[in-house]
Amino acid sequence: MKRFTIVLTAVLAVLLSGTVICAKETTTTKVFTYKTVGEKELKIHLHFPPGWKSGDRRPAIIFFFGGGWTGGKIDQFEFQADYLAGRGMVAARADYRVKSRDGVTPDKCVEDARSAVRWMRKNAGRLGIDSQKLISSGGSAGGHLAACMMIADSVEADGDDLSISTIPQAMVLFNPVLSFEHEQMITRLGGDKRLARKISPTSHLAKNAPPALIIFGTNDRLKAFGDAYWKKAEEVGARADKFLAEGQGHGFFNRSPWQERTLIAADKFLASLGYLRGSPTVEVPQGEAAERPARQAPADRPGRQSPDRAGVVARWMKMDKNNDGKISSEEAQGQLKKNFDRVDTNSDGFVDRDELVELGKRLQRNRGGAARKRVHPNVGNWKNLFTEDLSNAIFTKGVWTVEDGVLTASEDQAIWTKRDYDNFILDLEFKTASGTNSGVVVYCSDMKNWIPNSVEIQIADDFAEKWAKSPKTWQCGAIFGHLAPTKSVVKKPGQWNRFTVTCVDRKIDVALNGERITSMDMSLWTSAKTNPDGSEIPPWLNKPLSKAPTKGRIGLQGKHAGAPIWFRNIKIRELR
């Protein structure tokens, strides 16, 4: 592992030090460090347009990725940034600290974003931008950061030059959170009302606020934030344009054809302010062309569909014998039938064209090899964690049984490995019932008193009212009591889910149903009473994780809270 880390670090250093030519071969991307916090360098990726030179005074836009202030990746807005650079702007994508990687609360994310904006304005000369033509943009939590730039008196990082304003000339906000003065939001700040107001854009909205384009899907529960902002903007006379995608949920703008449609809306909005000229050059895919991936492979060009995927999807749809636009489990064949539950992401018992397109995207990403790390591993040659007769397991006889490869328990008792494990990847499938509450337990040092002497990755039926209303750190994929998942992606009861848990020393990563949802560095959990974000730890977890051993038994929790749980295909790979 150490040798791999050194090589990977060297490769990244080479990549970050030079100039990267983007897919269209007309824009250029360079990477800079805009801020250093402790030993961490925060990077900003600049997309420069064709013909750019340092003496230019071009309009600029800065994007902040989403991820609930907990996770997310800087490459989220790569497509939009590259497009706008092609339209003549200088486009930036800024990294910032998040809870899962850095143990910070949302106010620190805002601090970093404000530092990034100040860095751009301070370096306007060498970046070839007009510091008075700067637009802030982002999605979800990143949209919140972008909106917070309009607040004159907000949270500030030590060492920032406060004489440089963060207030942008305009904002393009994709399904943003626009207020922390909300019961559920303020808990992320430990209930600090003063701090919540400092990072609540709607509370600071006035007539002279930057013009904004705010984009939401009508089925996004966060749209309530947009409604409140639009209402107040109308009252005070501020410009706040509205783009609504009918029937769409959160994050819809990341995929075609909505990626192109929202980009066209942003283009027209910026053109109305004089920052772009001419008509949008991006095209909305039509028919099968709508299946073009949200982020194109290098060989693709904007507005063109990959014929390979279109053909694959068309061949899959031939399984639809009754021509109702959906494939049932009875109609499915081959690998699609074998993996039906995984492809049926909305668990409605059918696979439709949208789900096949998403499957095609996942397959293409997996074919990318080393450039794209797969979410779930290929476990074809991995060892079973437990033998078929459970002879290598510790459990109360009669409680745990295996039938047709499915492991389940009749009582609330755990099953344990007979030996300890340290660095490993555990991959398994589980199925919940209505109200299920179970878990995967790692690093257990005391099987008789395992709750405070281990780390539990939660399994729960998030659709059950009891668990849906519980703290987010009690929901499926959480590090129980300590770290909430970035999203809830567990399937409805009766459907099989896939779980991958990677444990390397004090780093624990969790993937569920094709999504990376949790990433923890145990060394940040130095208290037994409060998490790094200030939230309370359940009193029965009375030992700080930073001092917990990183070697121990692996266990599965049984029939807890009166509801059963089923496991199958439990595989492990030890990391040397």
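These are my notebook entries on a predicted model of a single chain.

**Overall content.** I began with the whole chain and looked up its secondary structure, which comes to 15 helices and 24 strands. I then checked burial and found that, of the 576 residues, 53% count as buried. For the accessible surface of the chain I noted about 26,100 Å², with 49% of that area belonging to carbon and sulfur atoms. Turning to contacts with a separation of 6 or more, I read that 68% of them are accounted for by residues 24 or more positions apart.

**Helix 4 and helix 6.** I next asked how the axes of helix 4, residues 106-122, and helix 6, residues 141-148, are placed, and found that they come within 9 Å and cross at roughly 55°. Because of that angle, I entered helix 4 as oblique to helix 6. The crossing in which helix 4 passes helix 6 is right-handed. On the side of helix 4 the contact is made by C109, V110, A113 and R114, while helix 6 brings H144, L145 and C148. Sorting this contact by class, I recorded five nonpolar residues, one polar and one charged.

**K53.** Where does K53 lie? I located K53 in the loop between strand 3 (40-48) and strand 4 (58-64). I also looked up its accessibility: K53 has 52% relative accessibility and therefore counts as exposed, the cut-off for that class being over 50%. Finally, I took the separation of the C-alpha atoms of K53 and R126, which is 8.6 Å, although these two residues stand 73 residues apart along the chain.

Notes:
Residues are numbered from 1 along each chain as its sequence is written. This is a predicted model: local features need pLDDT of at least 70, side-chain atom pairs count only at pLDDT 80 or more; totals for chains, interfaces and linings use all residues. Side-chain values use heavy atoms; hydrogens and water are left out. Helices (H or I, at least four residues) and strands (E, at least two) are DSSP runs, numbered from the N terminus. Buried means under 20% relative accessible area, exposed over 50%, partly exposed in between (1.4 Å probe, protein chains only). Contact means heavy atoms within 4.5 Å. Accessible areas come from the Shrake-Rupley method with a 1.4 Å probe; for residues, only the protein chains shown count as cover. Axes are lines fitted to C-alpha atoms, for helices over the stretch in contact, and angles run from 0 to 180 degrees between N-to-C directions. Angles under 35 degrees count as roughly parallel, over 145 as roughly antiparallel, 65 to 115 as roughly perpendicular and the rest as oblique. A crossing is left-handed if the near helix is turned anticlockwise from the far one by less than a right angle, and right-handed if clockwise. Ala, Val, Leu, Ile, Met, Phe, Trp, Tyr, Cys and Pro count as nonpolar, Asp, Glu, Lys and Arg as charged, and the others, Gly among them, as polar.
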